[in-house]
Amino acid sequence: MYKINQNRNICIGCGLCASVCPDYWTMSEDGKASLKDTGLELENLGCMRDAADSCPVQCISITEK
Ligand code: F3S
């Protein structure tokens, strides 16, 4: 099981996460990405790995638990 966290304070709103992984990420009205409820805890990372890898400020963290 993986737990996903986003350090929203440092998100610059580049939109890559929502672009490569729209199942779990959406862009909010404040211009930053928000994690959908479906992406809080994951059995399989799927596109979440791509989202974390593509974030230019590395604010998406994946913790195995
Ligand atoms: Fe923000 Fe990183 Fe996504 S900067 S919009 S969390 S790719």
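Two strands are taken to pair if DSSP finds at least two bridges between them. On this criterion, the predicted model contains an open sheet of three strands in the order β4-β1-β5, with antiparallel pairing. The edge positions are held by β4 (41-42) and β5 (60-64), each of which pairs on one side only. Strand β1, comprising residues 2-6, runs antiparallel to β4 and is joined to it by two bridges. Within this pairing, K3 has E41 of β4 as its bridge partner. In general, the strands of a sheet pair through backbone hydrogen bonds, in either a parallel or an antiparallel sense.

Analysis of the interior of the model identified one cavity of 30 Å³ or more. The volume of the largest cavity is about 60 Å³. Its lining is formed by Q6, C11, I12, G13, C14, G15, C17, A33, C55, P56, C59 and I60. Two of the elements described above contribute to this lining: Q6 belongs to the residue range of β1, and I60 to that of β5. By class, the lining consists of nine nonpolar and three polar residues, with no charged residue.

The ligand sits in the largest cavity. Around the ligand are 14 residues, of which C11, I12, G15, C17 and C55 come nearest. These five residues also appear in the lining of the largest cavity. The shell around the ligand comprises 11 nonpolar and three polar residues, and charged residues are absent from the shell. Charged residues are likewise absent from the cavity lining.

Key: Residues are numbered from 1 along each chain as its sequence is written. This is a predicted model: local features need pLDDT of at least 70, side-chain atom pairs count only at pLDDT 80 or more; totals for chains, interfaces and linings use all residues. Side-chain values use heavy atoms; hydrogens and water are left out. Helices (H or I, at least four residues) and strands (E, at least two) are DSSP runs, numbered from the N terminus. On a 1 Å grid over the protein atoms alone, a cavity is a set of points where a 1.4 Å probe fits but cannot get out, and a pocket is an open set with protein on both sides within 12 Å along at least five of seven lines; lining residues have an atom within 4 Å of a point. Grid points are joined across faces, edges and corners, and a volume is the space filled by probe spheres set on the points. Ala, Val, Leu, Ile, Met, Phe, Trp, Tyr, Cys and Pro count as nonpolar, Asp, Glu, Lys and Arg as charged, and the others, Gly among them, as polar. A residue is near a molecule or strand if one of its heavy atoms lies within 4 Å of it. A molecule sits in a cavity or pocket if more than half of its atoms lie within 2 Å of its grid points.
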